[in-house]
Amino acid sequence: MMQPNEAMTIQCGFDRSMKGGIIMVRRSHAGRKTPNSRMLDQDARLTLIQHWLSDELHLPQPRIEVASSDASFRRYFRAHGGTSTFIVMDAPPEKEDVRPYLKVSSLLEQIGVHVPHVHAADVDRGLLLLEDLGTTSYLQRLERGGDSELLYADALAALANIQLEGGAACAELPPYGRGELAREMALMPEWFLGRHLALTLSAAETELLAGAFEFLTVEALAQPRVFVHRDYHARNLMVVGERNPGIIDFQDALCGPVGYDLVSLLKDCYIAWPRARVESWVRAFRARLLERGGPGGTSEAEFLRWFDLIGVQRHIKVLGIFCRLWYRDGKPGYLPDLPRTLDYVREASGRYRELAALGRFLEERVTAQLPRVNARIAAERARGRAQR
C-alpha cells in the first residue's frame, strides 16, 4: 500500500488511461455536486494547479475547468491534457488533509472496487491528480429514467465485495465507536431542532432524546464490524463503462456496523424507494453475504433490524449536518432534503417499540414545523436574490 509522507509527488502511468417506483425525488440541482459556472480569475490555488500540471507533471497543454465541489473545503477540476482528461482534487492543506483519502483509496483498490486511480499526489500542497470517472452520477441517471435494477445490482455487488473482502482493510481504519456515534447524533438537537426549528426542549424531551441516542448507540455497537464507506449513496456512485460503479468520497471510511452503507444506499437522503422494494434488496444483499460466509445475522428479521436502526442513527446525524451546512457554511442546497430524511426517522421509529417515544416527539413537535421553516427560508432567499 502506498504510504504518503509529508512531502511527496507520485507519478504513475499517465497512459492508464424496473424504471418506475422512485418516490420523493428532488430534481433541483441546488447543492448537488454539479459544476460551478464561475471561476475566479485571481485564484491562487488555480494558478498553483496550472503550474503543477504543466511544469511538474508535464501534462501537455493542460486546460482546466470546474468539475464540482462538495460539502467540505475540497474542490474538483477537470484537467484536459492532450487526448486524456483527469480530475484534480484541490484540498487546501490548512483545511483538508489528503492523506486519509490516499490511504483509503489504496485499501479499496486492493479490494478490487473501482475508485479513481491516483496518478499523482502532492501531499504538502493538497493536490491529487485522479482518474476521471465521468460526469454522470447514479442520482442523475436515475432521475433521467435509468434502469434502477441494473444500477443497484452493480452497487450492491460492489458493496458486498467491500464487506466480504475488506476484513484486512477494515483493520487499518479507525473504529466507528461510541464517541463518534454520539457526536454525530448530537448534531441533530443542536443544528436541526435548536438552530433550524428554533425549538426549546424541555428537560423531559432532552432526556427522551438522550435515551433514544443511547439505545441507537448500543444497537450500532452490537452489529458485526465491516469496512464502512460512510456516504455510499447515489451522489457518490458514478456510472462508468467498466467495473460499474465508480466510487468517490470515501476518505472518511471507518470500521463499523454492517448495515451502515447498505442503509446509506437504500434509504438515500436524495432519493427514496418503496419499502417493499427496499426490503427485497436487503434480503438479496443478506443472501449474498451468507453465500460467502459474511455477517448476515441469525435471521432476516435480525438483519433488517440492524439495517433500520443504524438508518435512524445515520439520518438523525444527517438532519444536523444538512442544517449545519446552511447556518455555518452558507450552503442551503441540502435543506430541501430534510423532509425525506426526517421521514426515514419517523417511519423506522414507528416500527420499533424502543423508538416509539422518539416517533411521538417528532410527530408532535417537528413534523408540521419543518415545511413552514423551509418555506420561510426559501422565500427569504428569493427576496434576497431579487434585491441584488
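**Close-up views of a predicted model**

**View 1. Glu-165 and its partner Arg-292 form a salt bridge.** With a relative accessibility of 43%, Glu-165 counts as partly exposed. Keep in mind as you look around that this model is predicted. Which residue does the side chain of Glu-165 meet in a salt bridge? The partner is Arg-292, with an N to O distance of 2.6 Å. This pair links distant parts of the chain, 127 residues apart: Glu-165 belongs to helix 4 (residues 148-165), while Arg-292 is in the loop between helix 9 (275-291) and helix 10. Arg-292 is partly exposed too, because its relative accessibility is 44% and the partly exposed range runs from 20% to 50%.

**View 2. Arg-78 and Asp-132 meet in a salt bridge.** Here the closest N and O atoms are 2.8 Å apart. Arg-78 is found in strand 2 (residues 75-81), and Asp-132 in the loop between strand 5 (127-131) and helix 3 (138-143), so this pair ties together parts that are 54 residues apart in sequence. Are these two residues buried or exposed? Arg-78 is buried, and Asp-132 is buried as well.

**View 3. Helix 11 holds a salt bridge between Arg-346 and Asp-343.** The closest N and O atoms of this pair are 2.7 Å apart. How many residues separate Arg-346 and Asp-343? They are 3 residues apart, about one turn of the helix. A general rule helps here: an α-helix has 3.6 residues a turn, so residues three or four places apart point the same way. Arg-346 is partly exposed at 25% relative accessibility, and Asp-343 is partly exposed at 26%.

**View 4. A network of salt bridges links seven residues, Lys-267, Arg-275, Glu-279, Arg-283, Asp-308, Glu-347 and Arg-351.** For the wider picture, the model has 33 salt bridges by the rule used here. Two members of this network, Lys-267 and Asp-308, come back in the next view.

**View 5. Ala-348 is a buried residue of helix 11.** Why does Ala-348 count as buried? Its relative accessible area is 0%, and buried means under 20%. Leaving aside neighbours within four places in sequence, Ala-348 is in contact with Lys-267, Asp-308 and Val-312. Phe-307 is 41 residues away from Ala-348 along the chain, and the C-alpha atoms of these two residues are separated by 10.0 Å.

**View 6. Trp-273 and Trp-281 form an aromatic pair, one of 10 in the model.** This pair is edge-to-face, with 5.6 Å from centre to centre and 85 degrees between the planes. Trp-273 is buried, at 5% relative accessibility, and Trp-281 is buried, at 6%. Another pair, Trp-326 and Tyr-327, is tilted: the centres are 6.1 Å apart and the planes make an angle of 55 degrees. Tyr-327 is partly exposed, with 22% relative accessible area. Back at the two tryptophans, which residues make up their cluster? Trp-273 and Trp-281 form one aromatic cluster with Tyr-138 and Tyr-152.

**View 7. Two arginines, Arg-230 and Arg-235, sit over tyrosine rings.** Arg-230 lies over the face of Tyr-176, 4.9 Å from the ring centre. The charged end of Arg-235 is placed over the ring of Tyr-270, at 4.6 Å from its centre.

**View 8. The largest nonpolar core has 105 residues.** Which residues have the most contacts inside this core? They are Phe-192, Phe-227 and Leu-358. The element that gives the most to this core is helix 10 (residues 300-327), with 13 residues. A second core, of 15 residues, lies apart from the largest one and includes Leu-57, Val-66, Phe-77 and Phe-86. In soluble globular proteins, nonpolar side chains tend to be buried together.

**View 9. Helix 12 (residues 356-365) has the buried residues Leu-358, Gly-359, Phe-361 and Leu-362.** These residues are on the same side of helix 12, because they cover an arc of only 160 degrees around its axis. What do the buried residues of helix 12 pack against? They pack against helix 6 (178-196), helix 7 (203-222), helix 10 and helix 11 (338-349). Zoom in on Leu-358: beyond its neighbours within four places in sequence, Leu-358 is in contact with Leu-208, Leu-209, Ala-212, Val-312, Ile-316, Val-345 and Ser-349.

Methods
Residues are numbered from 1 along each chain as its sequence is written. This is a predicted model: local features need pLDDT of at least 70, side-chain atom pairs count only at pLDDT 80 or more; totals for chains, interfaces and linings use all residues. Side-chain values use heavy atoms; hydrogens and water are left out. Rings of Phe, Tyr and Trp (its six-membered ring) pair if their centres lie within 6.5 Å; planes under 30 degrees apart count as stacked, over 60 as edge-to-face and the rest as tilted. Buried means under 20% relative accessible area, exposed over 50%, partly exposed in between (1.4 Å probe, protein chains only). A charge sits over a ring if NZ of Lys or CZ of Arg is within 6 Å of the ring centre and within 35 degrees of the ring normal. A nonpolar core is a set of buried Ala, Val, Leu, Ile, Met, Phe, Trp, Tyr and Cys residues joined through side-chain atoms within 4.5 Å. Helices (H or I, at least four residues) and strands (E, at least two) are DSSP runs, numbered from the N terminus. Contact means heavy atoms within 4.5 Å. The arc is that of the directions from the helix axis to the C-beta atoms. A salt bridge is a side-chain nitrogen of Lys or Arg within 4 Å of a carboxyl oxygen of Asp or Glu.
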